[in-house]
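Visitor: I am new to this structure. Please take me to one part of it and look at that part closely. I would like to see the pocket that ranks second by size.

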Amino acid sequence: RMSGQNEILSKAEDVADKVTRSSKHVLPHLARFCLVSTFFEDGIRMWVQWSEQREYMDISWGCGWFLATLFVVINLIGQLGAVAMVLTRFKVDIACGILFFIVVLQTIAYSILWDLQFLFRNLALIGALLLVLAESRVEGKSLFAGVPSLGENKPKMYLQLAGRVLLVFMFLTLLRFEMSAMQVIQNLVGSLLMVLVTIGYKTKLSALVLVTWLNVLNFYFNAWWNIPAYKPMRDFLKYDFFQTLSVIGGLLMVVSLGPGGVSMDESKKKW
């Protein structure tokens, strides 16, 4: 029985490998695009809801008109500018720094620290940013052609590990604790895959299955385009949709980069 299962698994792994190989040129771009989508959406929202955002800041912090406006401007320019930098691969480390700063700023400004769901989401976003950073480091190292590298790129390995671990937080916010059979199965399957991605075991396959799974859930549960514009629910779902998309981007980045040095897939190669 075990050999039968192993055969199925290795077949599935071959398929996953084929998929990643054939989409090698598209995948990193797609991954980055998904990753930064939530920042893009938030930047656009700052533009569209300019006065509401400003009033909200002023009322909740009593910080006055000037600081509230400054907050919105920083969010708007910071996010859209950094998104453009990531997508064009221009000084990605600086762009990640800016987005990291904005995540922290929003966590404090919207007093998210006390809301676990939002806090987990923001941790996951930081994880996604670490993966973008890891990807940009790959290229930095291989610029010197002909110089033998030591095979281990320490900071990058740990960035990838941290990125994977933080993506778990996002996954936790997607679990819905209802006792219906379907829901329990969803939670179990998803959690198992997430554990595999985190420890880096059969990483590409697990991440690909999880990407497919999350996409289905995302388009099914967070279909914000079906809800009329005047309902507040639309904004919530839209926010959820793009946040989930960012984590899907993170997982695609895992698929595209591989698990990195600190993972079971890598340590198995050493045996």
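Guide: A term comes before the tour. Helices and strands here are DSSP runs, of at least four residues for a helix and at least two for a strand, and they are numbered from the N terminus. The model itself is predicted.

By that count, the protein chain has 11 helices and zero strands. Read from the N terminus, the order of elements is α-α-α-α-α-α-α-α-α-α-α. The chain holds 271 residues, and 44% of them count as buried. Take the contacts with a separation of 6 or more. Residues 24 or more positions apart account for 71% of those.

Now to the pocket. The second largest pocket has a volume of about 580 Å³. Its lining is made of 22 residues, and the closest to the centre are Arg45, Gln53, Tyr110, Phe118 and Tyr239. Several helices share in this lining. Those that give two or more residues are helix 2, helix 3 (50-61), helix 5 (92-109), helix 6 (116-141) and helix 10 (232-257). Helix 10 gives the most, with five residues.

Stop at one of the central residues, arginine 45. This residue sits in helix 2, which spans residues 27-48. Is arginine 45 buried or exposed? Its relative accessibility is 17%. Buried means under 20% relative accessible area, so arginine 45 counts as buried.

What does arginine 45 touch, leaving out residues up to four places away in sequence? The answer is Trp50, Gln53 and Tyr239. Two names on that list have come up already. Gln53 and Tyr239 are, like Arg45, among the lining residues closest to the pocket's centre.

For a contrast, step out to the surface. The protein chain exposes about 15,000 Å², and carbon and sulfur atoms supply 70% of that area. One nonpolar patch there covers about 630 Å². Trp65, Phe66, Leu67, Leu70, Ile74 and Phe101 make this patch. Helix 4 (residues 64-88) gives the most to the patch, with five residues.

Leucine 67 is a residue of helix 4. Its relative accessible area is 46%. Exposed means over 50%, buried means under 20%, and partly exposed lies in between. Leucine 67 is therefore partly exposed, whereas arginine 45, in the pocket lining, counts as buried.

Notes: Residues numbered from 1 in each chain as written. Predicted model: local features only at pLDDT ≥ 70, side-chain atom pairs only at ≥ 80, totals over all residues. Heavy atoms only, no water. Buried < 20%, exposed > 50% of the residue type's maximum accessible area, 1.4 Å probe, protein only. Contact = heavy atoms within 4.5 Å. Areas by Shrake-Rupley, 256 points an atom, 1.4 Å probe, with all protein chains shown as cover. Patch = residues over 30% accessible without salt bridge, like charges linked within 9 Å, V, L, I, M, F, W, Y side chains within 5 Å. Salt bridge = Lys/Arg side-chain N within 4 Å of Asp/Glu carboxyl O. 1 Å grid on protein atoms, 1.4 Å probe; cavity = no way out; pocket = protein on both sides within 12 Å on 5 of 7 lines; lining within 4 Å. Points joined across faces, edges and corners; volume = space filled by probe spheres on them.
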